[in-house]
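Hi,

Here is the structure I promised to pass on. Have a look at it first, and then read my notes underneath.

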Amino acid sequence: MSAILEARGLSKSFGAVIAAADINVSVARDSVVGLIGSNGAGKTTFINMVTGYMKPGAGTIRFEGHDITPLAPRRITQLGIARSFQVPQLFNSLAVRDNLLAAVGIVAAAASRWAHGAITRERAETVTDEMLGRFGLDAYRDKPAGVLPEGVRKLLDIAMALVVKPRILLLDEPTSGVSADEKFGIMDVVMSAVKSDRVTVLFVEHDMDIVNRYAQRVLAFYDGRIIADGAPGAVLKDDEVRKYVIGEELHVAR
Amino acid sequence: MTDHTLRVLLGVAALLLAGLPFMPQWLAFLITLALARGLVVLGLALLMRTGLVSFGQGLYYCLGAYAAALLDHAAGIHDAALMLLAALLIPVVVALVLGLLLASYRGIFFAMLSLAFSMIVFGLLIKTSSLGSSDGFNVATRSIFGITIADGYNGRVFMAATAILSVIAAGALHRYLNSHLGRLSAAIRDNELRVEYLGASVRNVVHLNYVIAAALGGIGGGLTALAVGHIDPDMAYWTTSGEFVFVAVLSGTGSVLAPFFGSVIFEAIRTLANQYAPNIWQMTLGITMLAIIMFLPAGLWALFRRKARAA
Amino acid sequence: MSDLLAVIIDGIIYSSWLFIMATGLTLIYGVMKILNIAHGSLYALGAYLSASLVGWWLAGGHDPYGSYAMLAAAALLVGLVMGPLLERGLLRLMYGRDEVVLLLITYAVFLILEDVIKLVWGVDSLYVSQPYDLLGNFDIGALSYPVYNLVLVGVAVATGSATAWTLNCTRHGKMLLAVIHDREVSGAMGINVDRLYLMTFTVGTTLAAIGGAVTAPTLAVSAGMGVEVIVLSFAVVVIGGLGSLGGAALGALIVGMVRSAAVHYLPAVELFSVYSVMAMVLIARPKGLFSAAEARKI
């Protein structure tokens, strides 16, 4: 099974700051990969480069064999890679349902260029309502997106990304800013929503419990490099990872 | 809601056309000007819906006027239909080119760059003596669609033309706003990033809307040129663009009817102010704009909607 | 040869005038993120008040050299009254609103002030050429220039240096620079952003008024003088980069020289040339020549 996403020799620096130093990653289809690392380690930079927001200084990114390195975010989305954001990017003045409706309309029309949407209003509404149900957003359907609790906003952001019907979904800190007791709930919803669509998922997380529970494979970043790569159990016990990412256990003398 | 707007448009137009034979000249003239400028504001409202405020619509207003006028002045063509066609085409061509650049800007840079372009044209026109420099020149129209206009009927013919064109433009824009591209424009104002990450091109929509606004501005300018019978470079001066912005803020962007509504109010107040209190006209504008921004950010049209909903 | 010299000297004089106008504008934008269209009417207010004060002073038979003090007094008066009045009375209520909304608000203030000027001073032009004539002329080769223009250049250099020194060497100045860089973080660090806003707006207003005061003796002070100033000042500030003092200086120099050359060699393109330069700079560097790097948003 060939890799669905392959990064080779990715490098990116901002002046003296090295955000990525010769990153090589191969992601298998349908896998769930967790990206961990302290702030500034290069996780979001990696996602930004994969989605075209940033261009690497050197290296290539291949999606299903095609070189997507020079492409614009819009084009990469059309090819089948979608992402959610650390700060949810929503249409704040619209209600939750209208957010999704707009997203469905945009995706459908973009798919058929400038034609007035290859999708009928009815079909769009059906797809929207189904998505609302899948993500448990029915209760909020008529509320403006701008006033929702953070957890709901995150779910809506991810739902909008899924409207694209991507083959790779990148989640940037899906549970950050969400209360502790809601975190697992959100990941559960997202993972089951995604299961039915056969999507490869990469998610950035700081919460190691979440990573442990949902990731099949973990990549640990530090200083622009991947310092560990493997099953969650192994990576989270790795010495370097403990040193640079998770932190040491503190022994207090009595 | 859709039917409502189109019905109102047709109703008002029918009313105006029916009342034409009985209307005094000065009223017909006022309404013509108000509607013509309302067209420019309609274009500006579209841009504002997309999240952009242009301080340079005067450019296309002026280009449209000069295009129409030059057919008479330089090419010896005195037919209103052809003149208006020129008033539509020249601005569109210019906007297609300028839009390539302007579509990359937002916020105050978009406002300032659009202002700069209108001032560039202003600067060129006031120093061009063959075009009358700062005085401009007169425009004479003799026929429309080949039919000669009888003496003294110019005003009424232009008012009819303006009313008809306004209805067509407003109706078309209404359909556009309710179409996918119209909704995309509103989404762009809300969150461009999200739109790009859903696979749509923000740039293309912005460019398209810019060209549409230019077309509307051009027709408005052409109609003004015909109705007034005279054009001058002041049409491209930034304060003219400022007035369009004022009317847009005054009316709000809630409906395609709003700009015309606001424009009529504006022209009425302007006429009164010129008569009775020319020295506080600008102050009145300023205070009104502040009041609208502070208390009625959606424009006067919001008052209408509230009443309609309460009813 | 003397032609070129004339272009350069005229350019420097004009650049100085532009710089005085641009400094206040760019400072206000840099700190408060407001592009102040009312800057033009504050300039006009400075000019009108100067004309009145100088006229009153000279009519009272006082020493003609005191008229310069009157110019300074007028500028200070306008700055210290209008600055706080506008900032506290209006702008304070509107912070946090979109940049373009703030632009429209300053546009409204501009409209109001234009008529206020008409109401107070009438629609006739005012002439106060005494301060201008008093100093006589000086010669550079075959060219003769009023000494007053040297004063103009001097004022420009003085205000520029004073502003630069204040920004970089005083505590308040450094706080201003911090706020220009990031308002929220500065506030979180304990900087009294509100008070800085008041100070900045007052200083900016005073600078506009100084521009007006200094210009008043050189022309007919008339209604509408603020209107043209605005677009020119904008061009300078946008070329240099909003919020950059060095940018304002460079922008003023560029616009001044371009305009001077245009006036001497091809008067027909005078206005056109200034805006074309602005458009060209924006095309090459969308945020102006000296603009801060933008931080990542997502």
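Below is what I found, going from the sheet in chain A to the contact between the chains and then to a few single residues. Keep in mind that this is a predicted model.

**The sheet in chain A**

A good place to begin is the open sheet of 6 strands in chain A, which runs in the order β6-β7-β8-β3-β9-β10 with mixed pairing. At its edges sit β6 and β10 (225-230), each of which pairs on one side only. From one strand to the next, the twist averages 20°.

If you walk in from the β6 edge, you meet strand β6 (residues 81-84) of chain A pairing with β7(A) in the parallel sense, over 4 bridges. You can find the register from A:R83, which stands opposite A:L170 in β7(A). Next, β7(A) and strand β8 (residues 200-204) of chain A are also paired in the parallel sense, this time over 5 bridges. Here A:I168 has A:T200 of β8(A) as its bridge partner. Moving on, β8(A) pairs with strand β3 (residues 32-36) of chain A, again in the parallel sense and over 4 bridges. For that pair, look at A:G34, whose bridge partner in β8(A) is A:F203.

There is a helix on this sheet too: α9 (residues 239-246) of chain A packs on it and touches β3, β9 (217-222) and β10 of chain A. The direction of α9 makes about 125° with that of β10(A).

**A closer look at β7**

How many of the 5 residues of strand β7 (residues 168-172) of chain A are buried? The count is 5 of the 5, so the strand is largely enclosed by the rest of the structure. Both of its faces are covered. On one side you have A:I168, A:L170 and A:D172, on the other A:L169 and A:L171, and all of these are buried.

The connection out of β7(A) is worth tracing on screen as well. Together with helix α6 (residues 180-195) of chain A and β8(A), β7(A) makes a right-handed β-α-β unit.

**Where the chains meet**

Between the two chains, 22 residues of chain A are in contact with 16 residues of chain B. On the chain A side, α2 (73-79) and α3 (96-111) each supply at least two residues. It is α3(A) that gives the most, with 7 residues. By class, that side of chain A has 12 nonpolar, 8 polar and 2 charged residues.

**A helix in chain B**

Over in chain B, try helix α7 (residues 180-190). Its buried residues are B:H180, B:L184, B:S185, B:A187 and B:I188. Seen down the axis of α7(B), they fall within an arc of 165°, so they line one face of the helix. The spacing fits a general point: an α-helix has 3.6 residues a turn, so residues three or four places apart point the same way.

**Two residues with positive phi**

Finally, a residue from each chain. A:D22 is not a glycine, yet its phi is positive, near 50°. You will find A:D22 in strand β2 (residues 17-28) of chain A, and with 14 other C-beta atoms within 10 Å, it is partly exposed.

In chain B, the phi of B:S133 is near 50°, a positive value in another non-glycine residue. B:S133 is in the loop between α5 (107-126) and β1 (137-138) of chain B. B:S133 is partly exposed, with 15 other C-beta atoms within 10 Å.

Cheers

Key. Residues numbered from 1 in each chain as written. Chains lettered and ligands numbered in written order. Predicted model: local features only at pLDDT ≥ 70, side-chain atom pairs only at ≥ 80, totals over all residues. Buried ≥ 20, exposed ≤ 12 C-beta atoms within 10 Å, placed from the backbone. Pairing = 2+ DSSP bridges. Right-handed = clockwise from strand over helix to strand, strands pointing away. Contact = placed C-beta atoms within 7 Å. Nonpolar A, V, L, I, M, F, W, Y, C, P; charged D, E, K, R; others polar. Axes fitted to C-alpha atoms, helices over the stretch in contact; angles between N-to-C directions. Arc of directions from axis to C-beta.
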